[in-house]
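Hello,

Here is the structure I promised to pass on to you. Please have it open while you read, as my notes below go through it place by place.

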Amino acid sequence: MRIDIITIFPDYFAPLGVSLIGKAAARGDITFGVHDLRDWAHDVHRTVDDTPFGGGPGMVMKPEPWGDALDAVRALGAVPEAAGGSGLLVIPTPAGVPFTQQHAARYAAEPWLIFACGRYEGIDGRVADDARSRMRVEEVSIGDYVLAGGEPAVLVMTEAICRLLPGVLGNAESAADDSFGFGRLESGGPMAGLVEGPSYTRPRLWRGREVPPILLSGDHAAIARWRRDSALRRTARNRPDLVARLAAGVPEPLDRRDREVLSEAGFPVDSEDVAH
Ligand code: SAM
């Protein structure tokens with residue numbers, strides 16, 4: 001996979017050389033290209049922003065450097081068209097659609113991603129419209145809050161995407177069993193639509209607190225059920241929005257035990273929504 005990032009702060013991306021993603025890049029499984037937007041500025045001061053039309057506070061990123069930068073990065077032809085490599089432009093913005101694990105999985109299947117990091121009040125609106133006339137463009141938000149720039153959002157998304165690439169995680173199963181375990185959604189993955197419950201390791205007894213005995217039982221079916229129950233309880237506690245989706249049978253119908261656990265957690269679910 002190739003990932004190009006356009007930013008006014010190329011140094012921000014030093015962490016891409018660290019940890020699992022750094023190792024994957026060193027192996028050649030991921031190629032990063034980090035580009036300084038100011039290389040496409042048109043004046044000696046390398047200006048990339050200007051005051052907003054219509055008034056208001058702050059500055060807006062100028063369209064010319066962005067248009068030229070995107071043309072130049074696209075012209076790299078980093079991934080041949082024949083390999084499905086026309087590139088997907090991802091623009092982080094708090095006004096975008098929420099970035100989810102499903103996005104991470106879909107983006108991980110793309111051969112070439114290009115990220116455009118905004119700053120100030122964002123990028124002149126014509127840049128995305130112009131790019132859309134020649135490539136696929138998606139505007140995504142990493143959460144309902146406002147960052148100072150797209151760089152941290154791109155680091156977050158890059159990590160979520162790259163850990164799903166084959167060979168990046170030590171244990172490929174762990175992504176499927178994570179919170180929002182989309183990987184086995186169709187086949188009824190244990191965490192589909194849920195957040196994961198707590199995990200435990202040695203020692204068995206710590207500060208008077210015991211690991212739940214079932215986890216030491218060796219009974220794999222009982223352990224799997226216990227994990228699903230604790231995931232349902234934690235989802236009910238922390239993510240009632242997800243429980244509402246589960247109750248509607250999304251991503252898959254609940255079984256009788258699921259319904260009992262949700263009911264005990266204060267979320268009774270109608271029996272017609274439930275698989276028996
Ligand atoms: N005026 C914009 C608004 O209210 O929607 C906010 C601009 S923000 C200060 C500057 C840049 O930070 C954005 O262009 C975007 O690149 C990035 N950014 C801020 N919050 C973000 C979020 N929640 N998700 C993704 N990117 C974000």
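The ligand is surrounded by 19 residues, and the closest of them are Pro92, Ile142, Gly143, Tyr145 and Leu147. Please bear in mind that this is a predicted model, so everything here is computed from predicted coordinates. Backbone atoms provide several polar partners for the ligand. One ligand oxygen lies 3.0 Å from a polar backbone atom of Pro92, and a ligand oxygen is also found 3.2 Å from a polar backbone atom of Gly118. On the nitrogen side, a ligand nitrogen sits 3.0 Å from a polar backbone atom of Gly143. Taken alone, the ligand would expose 580 Å², and the protein buries 83% of that. Which elements give two or more residues to the shell around the ligand? They are β5, β7 and α5 (150–162), with β5 giving the largest share, 3 residues.

Two of those strands turn up again around helix α4, which spans residues 125–132. Its buried residues are Val127, Ala128 and Ala131. Seen down the axis of α4, these fall within an arc of 95°, so they line one face of the helix. That pattern is easy to follow if you recall that an α-helix has 3.6 residues a turn, so residues three or four places apart point the same way. The buried residues of α4 pack against α2 (63–75), β5 (88–98) and β7 (136–141). On the face turned away from the buried side you will find the exposed residues Gly125 and Arg126.

Helix α8 (residues 240–247) can be read in a similar manner. Leu242, Val243, Leu246 and Ala247 are its buried residues. Viewed down the axis of α8, they fall within an arc of 145°, so here too the buried residues line one face of the helix. Their cover includes α7 (220–238) and α9 (256–264). Just after α8, Gly249 takes a positive phi of about 85°. A little further on, Val250 and Pro251 are joined by a cis peptide bond with omega of about 5°, and Pro251 belongs to the loop between α8 and α9.

That brings me to the backbone geometry elsewhere. As a reminder, most residues other than glycine have a negative phi, and most peptide bonds are trans. Another cis peptide bond joins Arg202 and Pro203, where omega is about 0°. Pro203 lies in the loop between α6 (173–176) and β8 (205–206). As for phi, Arg46 has a positive value near 55° without being a glycine. You can find Arg46 in the loop between β2 (31–36) and β3 (49–50), and at 34% relative accessibility Arg46 counts as partly exposed. Tyr120 likewise is not a glycine but has a positive phi of about 55°. Tyr120 is in the loop between β6 (112–116) and α4, and with a relative accessible area of 36% this residue is partly exposed.

Next, a buried acidic side chain. Asp4 is placed in strand β1 (residues 2–7) and has a relative accessible area of 0%, so Asp4 counts as buried. What do the polar contacts of 2.7 Å join to the side chain of Asp4? One such contact links the side chains of Asp4 and Arg2, and another, also 2.7 Å, links the side chains of Asp4 and Trp112. Looking along the chain instead, Asp4 and Arg27 are 23 residues apart, and their C-alpha atoms are separated by 18 Å.

Finally, the cysteines. How many disulfides does the model have? The count comes to 0. Cys117 is in no disulfide, and the nearest cysteine sulfur, that of Cys162, is 14 Å away. Why does Cys162 have no partner for a bond? Its closest cysteine sulfur is that of Cys117, and because a disulfide needs two cysteine sulfur atoms within 2.5 Å, the 14 Å between these sulfurs is too far for a bond. Cys117 is buried, with a relative accessible area of 0%, and Cys162 is buried as well, with a relative accessible area of 0%.

I hope these notes help you find your way around.

Best wishes

Terms used: Residues numbered from 1 in each chain as written. Predicted model: local features only at pLDDT ≥ 70, side-chain atom pairs only at ≥ 80, totals over all residues. Heavy atoms only, no water. Buried < 20%, exposed > 50% of the residue type's maximum accessible area, 1.4 Å probe, protein only. Helix = DSSP H or I, 4+ residues; strand = E, 2+ residues; numbered from the N terminus. Arc of directions from axis to C-beta. Contact = heavy atoms within 4.5 Å. Near = heavy atom within 4 Å. Polar contact = N/O pair within 3.5 Å; in protein donor to acceptor, adjacent residues only side chain to side chain. Areas by Shrake-Rupley, 256 points an atom, 1.4 Å probe, with all protein chains shown as cover.
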